[in-house]
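The exercises below ask you to read protein–DNA and protein–protein contacts from a model. Try each task with the structure open before you turn to its solution.

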2 protein chains.
Amino acid sequence: MRNNEERIRVAIAEDHQILRQGIVALLEDEENLNLVFDVGDGLELIEKIKENPVDVLILDLNMPKMDGETCLPIILKLYPNLKIVVLSAYFSEPILNFVLELGATCFLPKLSDFSVLLDAIVSVHQKGFYSIEESKKEKRLNLELEMKENFTPRELEILKLLCEEKTSKEIAEALFISHRTVEGHKLRIMEKTKTTNTSGIVIFALRNGYFR
Amino acid sequence: MRNNEERIRVAIAEDHQILRQGIVALLEDEENLNLVFDVGDGLELIEKIKENPVDVLILDLNMPKMDGETCLPIILKLYPNLKIVVLSAYFSEPILNFVLELGATCFLPKLSDFSVLLDAIVSVHQKGFYSIEESKKEKRLNLELEMKENFTPRELEILKLLCEEKTSKEIAEALFISHRTVEGHKLRIMEKTKTTNTSGIVIFALRNGYFR
DNA sequence: GAGCAACTAGGTAGAAATACCTGATTTTAA
DNA sequence: TTAAAATCAGGTATTTCTACCTAGTTGCTC
């Protein structure tokens with residue numbers, strides 16, 4: 001067992017119990033890593049991280065109470081040098097870019113191989129990044145998460161609001177645009193997802209793990 | 001610790017290391033379960049199960065060397081009384097039917113809550129079956145939630161078709177009733193689920209595991 | 001057989017969504 | 001600096017959905 005000072009301090013925020021437990025169990029076997037804590041939601045994460053500084057944070061995007069997207073900027077403001085590996089059930093180019101803009105160091109699909117996660121942790125800590133090319137390869141390998149829809153950022157916003165039971169009018173008001181524009185976006189989303197109505201869009205989004 | 005004879009003997013075949021490790025770690029904490037072995041592919045599964053009889057097998061559909069679909073019939077022929085809980089990243093009605101035809105006892109999405117998996121293991125062992133609808137009923141009783149959907153059989157039929165992107169008219173034609181009747185059922189469902197439109201109904205159904 | 005829940009279905013309105021268009025401005029990428 | 005993509009939004013017509021009514025039939029139970 002190495003000295004704790006030399007080991008990479010890692011924390012996990014992931015609400016899915018089985019995955020979190022799996023990551024915990026596997027990381028505990030890595031002797032160059034020091035697993036500091038694991039939590040199941042964003043609020044708990046913010047509390048814990050204040051008392052337990054870490055080098056690398058594994059962060060799930062979709063969590064209860066406070067999601068990853070929300071707490072990522074908060075935490076990064078407190079600890080600008082923290083490296084964050086974001087996990088998401090859904091993996092796409094637009095989300096990748098969005099997450100990196102938020103300040104994440106790396107973005108991986110939830111069902112990545114453990115070896116990839118391990119590489120990512122070590123790489124973001126030592127080099128400050130994890131090769132996007134590599135994660136792209138991983139994406140291609142992971143047929144389960146392969147997708148071709150390629151939503152634009154605006155479409156993703158609309159998609160999210162549709163999954164919150166919002167009507168076009170309500171979405172228009174929330175985004176300060178015309179309801180006709182929202183309808184236009186919806187039509188394009190329907191084309192991309194090969195669906196024919198709002199329910200179809202919602203079904204697609206939920207089945208593909210967008211906004212659980 | 002209970003007597004081993006009384007505990008449900010469980011085995012896991014799942015190639016995704018993190019998930020497998022997570023399930024292993026969580027099942028080991030359950031004192032009425034006896035985790036006999038865990039493997040990462042179908043060939044290993046067949047070897048191990050010959051020497052280590054179990055009551056319930058948790059089986060991933062997509063595995064290297066030999067996938068779940070292939071080894072399920074083989075194993076079931078050797079052990080006709082074995083209960084098999086199939087996991088899959090994909091969850092849909094056709095796959096469900098396919099898997100049940102193969103002889104599986106239960107079919108769950110990979111990213112189910114651990115509590116659901118646990119319920120499934122106990123239920124298939126004791127009662128020989130498990131359905132997500134049932135788990136919801138039991139949860140409702142246990143947690144005393146204010147959820148009182150209590151759908152009628154007809155409402156469940158409509159709910160299912162709504163989750164297949166069908167319009168009221170299409171549902172009416174499928175069930176040989178008036179589209180006005182379908183609309184009436186939809187209104188009742190919206191009341192019960194406290195939703196305000198079709199998307200809301202679908203979101204409710206999918207989030208609560210009705211028809212994934 | 002009275003009461004009840006479930007299923008059926010019609011009337012009328014208005015709201016919302018969908019299917020076609022069109023074209024503008026802005027952003028991004030080649 | 002073009003070309004392409006994304007975003008915005010209006011027109012018009014049709015379909016679908018939602019809301020709030022009423023009300024008949026069946027089947028079950030007390």
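**Exercise 1.** Which polar backbone atom is 2.6 Å from a phosphate oxygen of DNA strand C?

*Solution.* The model is predicted, so to speak of its local features requires pLDDT of at least 70, side-chain atom pairs count only at pLDDT 80 or more, and totals for chains, interfaces and linings use all residues. Residues are numbered from 1 along each chain as its sequence is written, chains are lettered from A and ligands numbered from 1 in the order in which they are written, and side-chain values use heavy atoms, with hydrogens and water left out.

The backbone atom belongs to B:Ser178, at 2.6 Å from a phosphate oxygen of DNA strand C. The elements that give two or more residues to the surface near this strand are α8 (168-175) and α9 (179-193) of chain A, together with α7 (153-162) and α9 (179-193) of chain B; helices here are DSSP runs of H or I with at least four residues, numbered from the N terminus. A residue is near a strand if one of its heavy atoms lies within 4 Å of it.

**Exercise 2.** Find two further approaches to phosphate oxygens of DNA strand C, and describe the residues around the strand by class.

*Solution.* Begin with B:Thr152, which has a polar side-chain atom 2.4 Å from a phosphate oxygen. Then turn to A:Ser168, where a backbone N or O atom lies 3.1 Å from a phosphate oxygen. By class, the surface near DNA strand C has four nonpolar, eight polar and six charged residues, where Asp, Glu, Lys and Arg count as charged, Ala, Val, Leu, Ile, Met, Phe, Trp, Tyr, Cys and Pro as nonpolar, and the others, Gly among them, as polar.

**Exercise 3.** Describe how side chains approach DNA strand D.

*Solution.* Start at the base, where a polar side-chain atom of A:Arg180 lies 3.0 Å from a base oxygen of DNA strand D. Next, a side-chain N or O atom of A:Thr181 is 3.2 Å from a phosphate oxygen, and B:Lys186 likewise places a side-chain N or O atom 3.2 Å from a phosphate oxygen. Finally, α9(B) gives the most to the surface near this strand, with five residues.

**Exercise 4.** How many residues does each chain bring to the contact between chain A and chain B?

*Solution.* With contact taken as heavy atoms within 4.5 Å, chain A brings 35 residues and chain B 36 residues.

Notes
Polar contact = N/O pair within 3.5 Å; in protein donor to acceptor, adjacent residues only side chain to side chain.
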